[in-house]
Amino acid sequence: LNFPLSSNLQSFKAAYAGEEPTPSKFQREVSAMLGQQMGWIHVFEYRTAEGFSLDLADPKSKRAIEVDGPSHYLRDVLSGDSVVNGPTQFKARLLRRLGWRVADVAYYEWDCRSEQERR
């Protein structure tokens, strides 16, 4: 099987990065809390040089927040716990290898907290 990965890399990246982000209300809430109330200056929907979309990022320091809704989780059938899915884990692993420090805000943790606790 002859598959010239390197020659197709740019077209793969263009296809991956070509999707427009669709920010959620949850993502906007977290951004507002961190920006307006806590003073964290960040870029909303930042795209890295490699084509990764980060929900909230400070490119200078390579720090980011990923706001993870239900599509980022699976339900463990034995325990009933929410478990981060494979694609989300893989993206986090790649970003770490690229030098990013990424924190996650899970929807189920955000929803059950008061505004004071969210801060």
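# Pocket, helix H3 and backbone of a predicted model

This is a predicted model. The protein averages a pLDDT of 86, and 80% of the residues score at least 70.

User: In which element of the protein is confidence lowest?

Analyst: Confidence varies along the chain, and its highest mean is 97, in E3. Where pLDDT is low, the predicted coordinates should not be read in detail. That caution applies to the element with the lowest mean, 57, which is helix H5 (residues 115–118).

User: How many residues line the largest pocket, and which element gives the most to the lining?

Analyst: The largest pocket holds about 750 Å³ of space and is lined by 28 residues, with Ser53, Asp55, Glu66, His72 and Lys91 nearest its centre. Elements that give two or more residues to this lining are helix H2 (25–37), strand E1 (43–47), strand E2 (53–58), strand E3 (63–68) and helix H3 (86–97). The element that gives the most, with 5 residues, is H3.

User: How many residues of the lining of the largest pocket are charged?

Analyst: The lining divides into three classes. Of its residues, 10 are nonpolar and 10 are polar. The number that are charged is 8.

User: What distance separates the end C-alpha atoms of H3, and what span is expected?

Analyst: H3 has 12 residues, and the expected span is 1.5 Å times one less than that number. This gives 16 Å, which agrees with the separation of the end C-alpha atoms, 17 Å.

User: Within what arc do the buried residues of H3 fall?

Analyst: Thr88, Lys91 and Leu95 are buried in H3. An α-helix has 3.6 residues a turn, so residues three or four places apart point the same way. Seen down the axis of H3, the buried residues line one face, because they fall within an arc of 65 degrees.

User: Which exposed residues does H3 carry on the face turned away from its buried side?

Analyst: The buried side of H3 has Thr88, Lys91 and Leu95. The face turned away from that side carries the exposed residues Arg96 and Arg97.

User: Is glutamate 45, with its positive phi, buried or exposed?

Analyst: Glutamate 45 lies in strand E1 and has a phi of about 60 degrees, although it is not a glycine. Its relative accessible area is 17%, and the cut-off for buried is under 20%, so glutamate 45 is buried.

User: What is the relative accessible area of lysine 62?

Analyst: Lysine 62 lies in the loop between E2 and E3. Its phi is near 55 degrees, a positive value in a residue other than glycine. Lysine 62 is partly exposed, with a relative accessible area of 31%.

Terms used:
Residues are numbered from 1 along each chain as its sequence is written. This is a predicted model: local features need pLDDT of at least 70, side-chain atom pairs count only at pLDDT 80 or more; totals for chains, interfaces and linings use all residues. Side-chain values use heavy atoms; hydrogens and water are left out. On a 1 Å grid over the protein atoms alone, a cavity is a set of points where a 1.4 Å probe fits but cannot get out, and a pocket is an open set with protein on both sides within 12 Å along at least five of seven lines; lining residues have an atom within 4 Å of a point. Grid points are joined across faces, edges and corners, and a volume is the space filled by probe spheres set on the points. Helices (H or I, at least four residues) and strands (E, at least two) are DSSP runs, numbered from the N terminus. Ala, Val, Leu, Ile, Met, Phe, Trp, Tyr, Cys and Pro count as nonpolar, Asp, Glu, Lys and Arg as charged, and the others, Gly among them, as polar. Buried means under 20% relative accessible area, exposed over 50%, partly exposed in between (1.4 Å probe, protein chains only). pLDDT is the predictor's confidence in each residue, from 0 to 100. The arc is that of the directions from the helix axis to the C-beta atoms.
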